[in-house]
Structures are given as C-alpha cells and as structure tokens.
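Thanks for coming. I will go through one structure, a few residues at a time, and I will explain the terms as they come up.

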Amino acid sequence: MEGKVKSLSKFGAFITLPDGSTGMVHISEIAHAYVNDIREHLTEGQDVKVVVIGLENGKINLSIKRLEPKPQRENGG
C-alpha cells in the first residue's frame, strides 16, 4: 500500500496510511543493507510503498525492504 512519511526518529519512520492510521517502519525494515542514518533513505513527506508485517498492541508494524527484491550475494572466492 502507499503511505506518506509523517516523521523520522533514530529507530524508524512513522508512516501515514491511506485510512488515516499511522504505522511504523523499524530502521531494520528500511533497506536490505545496514541503515546507519535513516535520513539517508527517507525524508518527511515522501511517498513510500509499505507492507504490513504485524499488528502488536494496536501498533501497525510496516516494512519497505520486503517489497524490494533481495540483493544477490556475490560468490566469495
């Protein structure tokens, strides 16, 4: 589904969903590569595609990276 980045924190991004609710993408669910600074990947007001990966205590857990193809690992020689 489509969402809009509402705000950023050190540990994740809060996303406004089409129904008006807010979910969170944890920093570990932003990209397949290690994310040190979330602001290198997302900005407030940006439109993003997200998938719901869980509902916990009324909180909506989202992922961006699960919609992207996993990078191929290089064959270490």
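Let me start with Glu29. Leaving aside neighbours within four places in sequence, Glu29 is in contact with Ile53, Leu62, Ser63, Ile64, Lys65 and Arg66. Contact here means heavy atoms within 4.5 Å.

Before I go on, a word on where this comes from. This is a predicted model, where local features need pLDDT of at least 70, side-chain atom pairs count only at pLDDT 80 or more, and totals for chains, interfaces and linings use all residues. Residues are numbered from 1 along each chain as its sequence is written, and side-chain values use heavy atoms, with hydrogens and water left out.

Back to Glu29. Glu29 sits in the loop between β3 (22–26) and β4 (47–49). Helices and strands are DSSP runs, numbered from the N terminus: helices are H or I with at least four residues, strands are E with at least two. Is Glu29 buried or exposed? Glu29 counts as buried, because its relative accessibility is 10%. The cut-offs are these: buried is under 20% relative accessible area, exposed is over 50%, and partly exposed is in between, with a 1.4 Å probe and protein chains only.

One of the contacts of Glu29 deserves its own mention. The side chains of Arg66 and Glu29 meet in a salt bridge, at 3.0 Å from N to O. Arg66 is in the segment after β6 (59–63) and Glu29 in the loop between β3 and β4, so to speak of this pair is to speak of distant parts of the chain, 37 residues apart. A salt bridge is a side-chain nitrogen of Lys or Arg within 4 Å of a carboxyl oxygen of Asp or Glu. Arg66, at 51% relative accessibility, counts as exposed.

How many salt bridges does a search of the whole structure find? It finds 3. Another of them joins Glu2 and Lys49, with the closest N and O atoms 2.5 Å apart. This pair also links distant parts of the chain, with Glu2 in strand β1 (residues 2–8), Lys49 in strand β4, and their positions 47 residues apart. Glu2 is partly exposed at 39% relative accessibility, and Lys49 is exposed at 54%.

Then there is the salt bridge between the side chains of Asp47 and Lys4, at 3.1 Å from N to O. Asp47 lies in strand β4 and Lys4 in strand β1, so the pair ties together parts that are 43 residues apart in sequence. Asp47 counts as exposed at 51% relative accessibility, while Lys4 is partly exposed at 41%.

Next is Ser63, which we met as a contact of Glu29. Ser63 lies in strand β6 and is buried, with a relative accessible area of 0%. Its side chain reaches the backbone nitrogen of Arg66 at 3.2 Å. That is a polar contact, which is a pair of N or O atoms within 3.5 Å; within protein, one must be able to donate a hydrogen and the other to accept it, and residues adjacent in sequence count only if both atoms are side-chain atoms. Beyond four places in sequence, the contacts of Ser63 include Val25, Lys49 and Ile53.

Ala13 is also at 0% relative accessibility and counts as buried. It is placed in strand β2 (residues 12–16). Outside its neighbours within four places, the contacts of Ala13 include Ser7, Met24, Ile38 and Leu42.

Now the aromatic rings. A pair of aromatic rings is described by the distance of the centres and the angle of the planes. The whole structure holds 1 aromatic pair. The rings of Phe11 and Phe14 have centres 6.3 Å apart and planes at 85°, so the pair is edge-to-face. Rings of Phe, Tyr and Trp (its six-membered ring) pair if their centres lie within 6.5 Å; planes under 30 degrees apart are stacked, over 60 edge-to-face, and the rest tilted. Phe11 is partly exposed at 45% relative accessibility, and Phe14 is partly exposed at 28%.

Last, Asn57. Most residues other than glycine have a negative phi. The phi of Asn57 is near 50°, a positive value in a residue other than glycine. Asn57 is in the loop between β5 and β6 and is exposed, with a relative accessible area of 75%.
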